[in-house]
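User: I have a protein model open at the bench and would like to walk through it with you. Could you take my questions one by one?

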Amino acid sequence: MDENEYRITMAVAGFAEDELEIESREGVLIVQGKKTPDDTERKYLYQGIAERNFERRFQLADYVRVTGATMDNGLLHIDLEREIPEAMKPRKINIGKNKLLEAEAADGA
């Protein structure tokens with residue numbers, strides 16, 4: 001990854017890919033987990049994963065877009081990239097003597 005690439009990683013153990021929804025709109029990244037209801041009656045001695053619905057919102061900086069998402073071993077990885085418009089990128093100005101004078105002479109001659 002370079003300086004313009006970022007990654008958000010979330011633990012989403014107990015959720016399948018089809019139970020997760022990722023949406024980017026108006027500079028906000030929204031990640032939702034919606035469990036499908038299970039009508040099976042169970043009594044737990046201990047339930048380590050709560051399996052309840054969730055929603056997380058991330059405010060994205062200007063010019064940041066989502067490039068992809070993957071899921072691996074209960075971790076959701078969301079890749080982001082910052083795309084600075086060409087007009088806003090810094091540019092190097094070379095210092096030279098008489099460049100302005102030569103340009104004016106060429107225009108006036």
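User: Is Asp-79 buried or exposed?
Analyst: Happy to help, and please keep in mind that this is a predicted model. The relative accessibility of Asp-79 is 19%. The cut-off for buried is under 20%, so at 19% Asp-79 counts as buried.

User: Which residue forms a salt bridge with Asp-79?
Analyst: The closest N and O atoms of this salt bridge are 2.8 Å apart. The pair links distant parts of the chain, with Asp-79 in strand 6 (residues 75–82) and its partner in strand 1, 72 residues apart. That partner is Arg-7.

User: How accessible is Arg-7?
Analyst: Arg-7 sits in strand 1. Partly exposed covers the range between 20% and 50%, and Arg-7 counts as partly exposed because its relative accessible area is 43%.

User: Where is Glu-19 found?
Analyst: Glu-19 is buried, with a relative accessible area of 10%. As for its place in the chain, strand 1 covers 5–11 and strand 2 covers 20–25. Glu-19 is found in the loop between strand 1 and strand 2.

User: Which backbone nitrogen does the side chain of Glu-19 reach?
Analyst: The distance here is 2.9 Å, and a polar contact needs N or O atoms within 3.5 Å. The side chain of Glu-19 reaches the backbone nitrogen of Ala-16.

User: Which residue forms a salt bridge with Glu-19?
Analyst: The closest N and O atoms of the salt bridge are 3.3 Å apart. The pair links distant parts of the chain: Glu-19 lies in the loop between strand 1 and strand 2, and its partner lies in the loop between strand 3 (28–33) and strand 4 (54–59), 16 residues apart. The partner is Lys-35.

User: Which residues is Glu-19 in contact with, leaving aside its neighbours within four places in sequence?
Analyst: Contact here means heavy atoms within 4.5 Å. One of the residues in contact with Glu-19 is Lys-35, whose side chain also makes a polar contact with the side chain of Glu-19. The full set is Gly-14, Gln-32, Gly-33, Lys-34, Lys-35 and Thr-36.

User: What is the relative accessible area of Lys-35?
Analyst: Lys-35 helps to line the largest pocket. Lys-35 counts as partly exposed because its relative accessible area is 21%.

User: How much space lies in the largest pocket?
Analyst: Let's start with the walls: Lys-35, Thr-36, Pro-37, Asp-38, Thr-40, Arg-42, Tyr-44 and Glu-51 line the largest pocket. The space in the largest pocket comes to about 190 Å³.

User: How many residues of the lining of the largest pocket are charged?
Analyst: Among the lining residues are Lys-35, Asp-38, Arg-42 and Glu-51, and Asp, Glu, Lys and Arg count as charged. The lining also has 2 nonpolar and 2 polar residues. The number of charged residues is 4.

User: Which residues do salt bridges that share partners join into one network?
Analyst: A search of the whole structure finds 6 salt bridges. One of them joins the side chains of Glu-55 and Arg-57, at 2.8 Å from N to O, and Glu-55 is partly exposed with a relative accessible area of 39%. The network formed by shared partners joins Arg-65, Glu-81 and Glu-83.

User: How far apart in space are Gly-68 and Ile-78, C-alpha to C-alpha?
Analyst: Gly-68 lies in strand 5 (residues 64–72). Leaving aside its neighbours within four places in sequence, Gly-68 is in contact with His-77, Ile-78 and Asp-79. Gly-68 and Ile-78 are 10 residues apart in sequence, and their C-alpha distance is 6.0 Å.

User: Is Asn-73 buried or exposed?
Analyst: Asn-73 is found in the loop between strand 5 and strand 6, and it has a positive phi of about 50° although it is not a glycine. The cut-off for exposed is over 50%, so Asn-73, at 74% relative accessibility, counts as exposed.

User: What is the phi of Tyr-63?
Analyst: Tyr-63 has its place in the loop between strand 4 and strand 5. At 42% relative accessibility, Tyr-63 counts as partly exposed. Although Tyr-63 is not a glycine, its phi is positive, at about 65°.

User: In what order do the elements of the protein run from the N terminus on?
Analyst: The secondary structure comes to 1 helix and 6 strands. From the N terminus on, the order is β-β-β-β-β-β-α.

Methods. Residues numbered from 1 in each chain as written. Predicted model: local features only at pLDDT ≥ 70, side-chain atom pairs only at ≥ 80, totals over all residues. Heavy atoms only, no water. 1 Å grid on protein atoms, 1.4 Å probe; cavity = no way out; pocket = protein on both sides within 12 Å on 5 of 7 lines; lining within 4 Å. Points joined across faces, edges and corners; volume = space filled by probe spheres on them. Helix = DSSP H or I, 4+ residues; strand = E, 2+ residues; numbered from the N terminus. Buried < 20%, exposed > 50% of the residue type's maximum accessible area, 1.4 Å probe, protein only. Polar contact = N/O pair within 3.5 Å; in protein donor to acceptor, adjacent residues only side chain to side chain. Salt bridge = Lys/Arg side-chain N within 4 Å of Asp/Glu carboxyl O.
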